[in-house]
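Here are my notes for your first look at this model. Keep the structure open and find each residue as you read.

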Amino acid sequence: MMHLVALNLTDLLLALWRGTIECDPSDDKRTWDWVVLIGAAWKNHGARVASTKQYLPGSFDRPPRNPAEKISSGYKAWEFLTYVFGLGPGLFYKLLPEKYWKSFCKLAAAVRILHQRSITKGQLLHAHQLLVEFIKEFEEMYYQRKESRLHFCHQSVHALLHLAPEVSRLGPGAGYTQWTMERTIGNLGEEIRQPSNPFQNLSERGVRRARINSLIAMLPELVPMKATPKTYEVLGDGYILSMPDRSLRDITEAEMAAMRAFFELKGITAEVDWTTKVKKWARLALPNGQFVRTAWKEKVKQPSKVRMSRNIMLHRNKDVRSPDFAEVQYFFQVQVQGVEETVALVSNFSTPDEQLCTESSGALLVCQYQGALALEVIPVKDISNCIAMVPFHEPEDGRFFVCEKMGLEVAFLGGGREADQREEA
């Protein structure tokens, strides 16, 4: 699925939208109303893609570079995936003609579902329906059943029809994606220490890795436990709090009101003296391997020096996939009926724009940033993952669209974590 989606499909779509695909002598590019990524529009679009880097958390790995400058210079499959299917519904809005944008969003929504490690039957049926509609619209809008455009119909378009049925037969593609194999080849290659016999050495390293993994599967206690640093606090269920402040900090009236509301939900009346100062924490490790940071620390740095990791997805009801989105201000701990509870002060984004959500088949979720007007205190275990909130037009507009890391469950499947680049608290 990696090559089909991240490379083959993106190559076809961008070739169409840029007008670089071959044109039959009997055809006329001037009739191709989908060609929009040309001239200044292509350069401006490329610059906008590059500008998203600061909004993509470090866990998103390599951020997409400016495609107008780098698309022919070793642009990676992961960059294509994030650029086209993660950011695309927001970046191509009003750039592609509406009918082409809506059709593309169906493809993007389906691809996101199929990159999940766990897919419900309802999601699978929905993804298949979206792909069927996209292929039909592709033939009607691009190919138009003209012999001169038969070369538009790449094998990768037809292959989309088989993705959902193959999930029913073999399981989610995350279990057998090429990402896993390429990663294994890469880190086994790093272990080679005998350049004179590289393939024999590689084979031996593979055998040794398989033996070690088998032993660990049978006897997990063979893996030495890493000592937890004194500045870390293990919260259970895979959540780890770290980087505490050295002193108590004053809080604003709005923050105090949010804390009082939290205590009222718990049936407790907070003392005025307690709510005037708190000890802040700067970072939270999530069970999925990501780190969530805070506006308290990130906003004091230059934007160009930050990979923004303070925006989160919340699942308040664990049984229903109805996420909310928020910006973490800071983490802190409180005593609730004699039990210490770790919570986060967050600023909630508005609910997504319903019209855009519907028009994009759910691929484009645009929310309004509300700042201090929507502060709330939440338990940290309501946080499911770290996301990107990318400006929909200009940052000053206050509207942002959601971008999740595609293949997140696969990226940390082996129990790894996002690179721990510690900063001073």
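1. **A nonpolar surface patch.** Start on the outside of this predicted model. Ile-212, Leu-215, Ile-216, Met-218, Leu-219, Leu-222 and Val-223 make a nonpolar patch there. The patch covers about 610 Å². Find Leu-222 in particular. Leu-222 sits in the loop between helix 9 (198-218) and strand 1 (232-236).

2. **Confidence.** How far can you trust the coordinates? The mean pLDDT of the chain is 88. A score of at least 70 is reached by 90% of the residues. Among the elements, strand 13 (residues 388-391) has the highest mean pLDDT, 97. Helix 13 (residues 408-411) has the lowest, 64. Where pLDDT is low, predicted coordinates should not be read in detail.

3. **Overall build.** The chain holds 13 helices and 14 strands. Its radius of gyration is 24 Å, close to the 22 Å that the globule rule gives for 425 residues, so the chain is as compact as a globular protein of that length. The C-alpha trace spans about 80 × 60 × 40 Å along its principal axes. Of the 425 residues, 47% count as buried.

4. **Helix 5.** Which residues make up helix 5? They are residues 98-114, 17 in number. From first C-alpha to last, helix 5 reaches 25 Å. That is close to the 24 Å expected at 1.5 Å a residue. Now look at its surroundings. Of its 17 residues, 13 are buried, so helix 5 is largely enclosed by the rest of the structure.

5. **Tyr-330.** Is Tyr-330 buried or exposed? Its relative accessible area is 1%. The cut-off for buried is under 20%, so Tyr-330 counts as buried. Tyr-330 belongs to strand 8 (residues 324-336). Try a distance next. Tyr-330 and Ile-387 are 57 residues apart along the chain, and 16 Å separates their C-alpha atoms.

6. **Glu-191 and its two arginines.** Side chains of opposite charge can pair when their charged atoms come close. The salt-bridge count for this model comes to 20. One of them joins Glu-191 to Arg-205, with the closest N and O atoms 2.9 Å apart. Glu-191 lies in the loop between helix 8 (178-189) and helix 9, while Arg-205 lies in helix 9, so the pair ties together parts that are 14 residues apart in sequence. Glu-191 also meets Arg-209 in a salt bridge, again at 2.9 Å from N to O. Arg-209 is in helix 9, and 18 residues separate this pair along the chain.

7. **How covered are these three?** Glu-191 is partly exposed, at 23% relative accessible area. Arg-205 is partly exposed too, at 22%. Arg-209 has 25% relative accessibility and also counts as partly exposed.

8. **A buried salt-bridge pair.** Which residue does Arg-310 pair with? Its partner is Glu-298, and their closest N and O atoms are 2.9 Å apart. Arg-310 lies in the loop between helix 11 (295-298) and strand 7 (311-314), and Glu-298 in helix 11, so the pair ties together parts that are 12 residues apart in sequence. Check the burial of each partner. Arg-310 is buried at 8% relative accessibility. Glu-298 is buried at 6%. The pair also belongs to a network: salt bridges with shared partners join Glu-298, Lys-299, Arg-310 and Glu-327.

9. **Arg-145 and its backbone.** Arg-145 has a positive phi of about 55 degrees, although Arg-145 is not a glycine. Where is Arg-145? Look in the loop between helix 6 (121-143) and helix 7 (155-170). Arg-145 is exposed, with 52% relative accessible area.

10. **Met-243 and its backbone.** Met-243 is not a glycine, yet its phi is positive, at about 60 degrees. Met-243 is found in strand 2 (residues 239-244). Met-243 counts as buried, at 2% relative accessibility. Set the two residues side by side: Arg-145 is exposed, whereas Met-243 is buried. Arg-145 lies in a loop, and Met-243 lies in a strand.

Terms used:
Residues numbered from 1 in each chain as written. Heavy atoms only, no water. pLDDT = per-residue confidence, 0-100. Helix = DSSP H or I, 4+ residues; strand = E, 2+ residues; numbered from the N terminus. Patch = residues over 30% accessible without salt bridge, like charges linked within 9 Å, V, L, I, M, F, W, Y side chains within 5 Å. Areas by Shrake-Rupley, 256 points an atom, 1.4 Å probe, with all protein chains shown as cover. Salt bridge = Lys/Arg side-chain N within 4 Å of Asp/Glu carboxyl O. Expected span 1.5 Å × (residues − 1). Buried < 20%, exposed > 50% of the residue type's maximum accessible area, 1.4 Å probe, protein only. Rg over C-alpha atoms; globule rule 2.2 N^0.38 Å.
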